[in-house]
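Visitor: I would like to go through this structure with you, one question at a time. Could you show it to me before we begin?

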Amino acid sequence: MALSALALCARALLKLGAQPIASLDEGTAEAEVAANLYPGLRDALLAAHPWSFATGQATLPRLAARPTADFRHAFQLPAGFLRALSAGSPDRGRGLTYRILEDRLHCDAGQVVLTHIFRPDESGFPPHFAAALVARLAAEFCIPLTENTARAQLLANQAEAEFRAARRADSQQATPRAIEDFPLIAVRG
């Protein structure tokens, strides 16, 4: 089955022991809980870690309106933006001082490349992230659907373990970053 919001919610409901749903708007309690909780939980889990599949870089378009104070320029954030990781110049993706206010990035530089977490389509979720999301959904769906706090706590513990495992798997997707400009290394000569 291809990953979709419906498929992920149906898996979470099965994990919870509830009836799966055929549509997020079918009118059942399960569908109502899933439709209302899924988008926020998905975005929160995506923003909680710099997932390799949800991290991108974009050259931001500068806006005509200037910030009121502190910075000289304002830039439009990209579509699907969830969280900033760094801002830099076109030849280096980090190192600029910036602040995000009112859905705009404020910075003194004339051009900005933003490294950020975005909301990818569910079909692009790797298995380790999908498993963590399903576990989190099951934990969050538990109280509204079953009112069983003991089961909810068990599912929350399982969700946290799945999240740690997913982060561990995802962190192995790139070369580890070297320590740069560490004062103790410079002292050694």
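Visitor: Where is Ala-79 found?

Guide: Helices (H or I, at least four residues) and strands (E, at least two) are DSSP runs, numbered from the N terminus. In those terms, Ala-79 is found in the loop between β2 and β3 (81-88).

Visitor: What should I know about the numbering and the model before going further?

Guide: Residues are numbered from 1 along each chain as its sequence is written, and side-chain values use heavy atoms, with hydrogens and water left out. This is a predicted model, in which local features need pLDDT of at least 70 and side-chain atom pairs count only at pLDDT 80 or more, while totals for chains, interfaces and linings use all residues.

Visitor: Is Ala-79 buried or exposed?

Guide: Buried means under 20% relative accessible area, exposed over 50%, and partly exposed in between, with a 1.4 Å probe and protein chains only. The relative accessible area of Ala-79 is 76%, so this residue counts as exposed.

Visitor: How far apart are the C-alpha atoms of Ala-79 and Ala-165?

Guide: Along the chain, Ala-79 and Ala-165 are 86 residues apart. In space, their C-alpha atoms are separated by 29 Å.

Visitor: In what order do the three strands of the open sheet stand?

Guide: Two strands pair if DSSP finds at least two bridges between them, and here the pairing is antiparallel. β2 (73-76) and β4 (98-101) each have a single partner strand, so one side of each is left without a neighbour in the sheet. From one strand to the next the twist averages 30 degrees, where axes are lines fitted to C-alpha atoms, for helices over the stretch in contact, and angles run from 0 to 180 degrees between N-to-C directions. The order is β2-β5-β4.

Visitor: Which residue in β5 stands opposite Arg-99?

Guide: Strand β5 covers residues 104-107 and runs antiparallel to β4, to which four bridges join it. Opposite Arg-99 stands a residue of β5, His-106.

Visitor: How many disulfides does the rule give?

Guide: A disulfide is a pair of cysteine sulfur atoms within 2.5 Å. The count comes to zero by this rule; Cys-9, for example, is in no disulfide, and the nearest cysteine sulfur, that of Cys-142, is 15 Å away. Cys-9 is buried, with a relative accessible area of 0%, and Cys-107 is buried too, at 1%. The number of disulfides is zero.

Visitor: Which helices do the buried residues of α1 pack against?

Guide: Helix α1 (residues 5-16) has twelve residues and reaches 17 Å from its first C-alpha to its last, close to the 16 Å expected at 1.5 Å a residue, a span reckoned as 1.5 Å times one less than the number of residues. Its buried residues are Ala-5, Ala-7, Leu-8, Cys-9, Ala-10, Ala-12, Leu-13 and Leu-16, and α1 is followed by Gly-17, whose phi is positive, near 95 degrees. Counting contact as heavy atoms within 4.5 Å, the buried residues of α1 pack against α2 (29-47), α3 (127-146) and α4 (149-171).

Visitor: Which residues does Thr-115 touch, leaving out those up to four places away in sequence?

Guide: Thr-115 lies in strand β6 (residues 113-118), and at 12% relative accessibility this residue counts as buried. The residues that Thr-115 touches are Thr-55, Gly-56, Gln-57, Ala-84, Leu-85, Ser-86 and Gly-93.

Visitor: How many salt bridges are there by the rule?

Guide: A salt bridge is a side-chain nitrogen of Lys or Arg within 4 Å of a carboxyl oxygen of Asp or Glu. Glu-102, which is exposed at 64%, forms one with Arg-104, the closest N and O atoms being 2.7 Å apart. There is also a network of salt bridges that links Arg-42, Asp-43, Arg-119 and Glu-122. By this rule the count comes to eight.

Visitor: How many residues apart are Arg-72 and Asp-108?

Guide: The side chains of Arg-72 and Asp-108 meet in a salt bridge at 3.9 Å, N to O. The pair links distant parts of the chain, with Arg-72 in the loop between β1 (55-59) and β2 and Asp-108 in the loop between β5 and β6, and their separation is 36 residues.

Visitor: What separates Glu-140 and Arg-136 in helix α3?

Guide: The side chains of Glu-140 and Arg-136 meet in a salt bridge at 3.4 Å, N to O, and both residues are partly exposed, Glu-140 at 33% and Arg-136 at 28%. Because they are four residues apart in helix α3, Glu-140 and Arg-136 are separated by about one helical turn.
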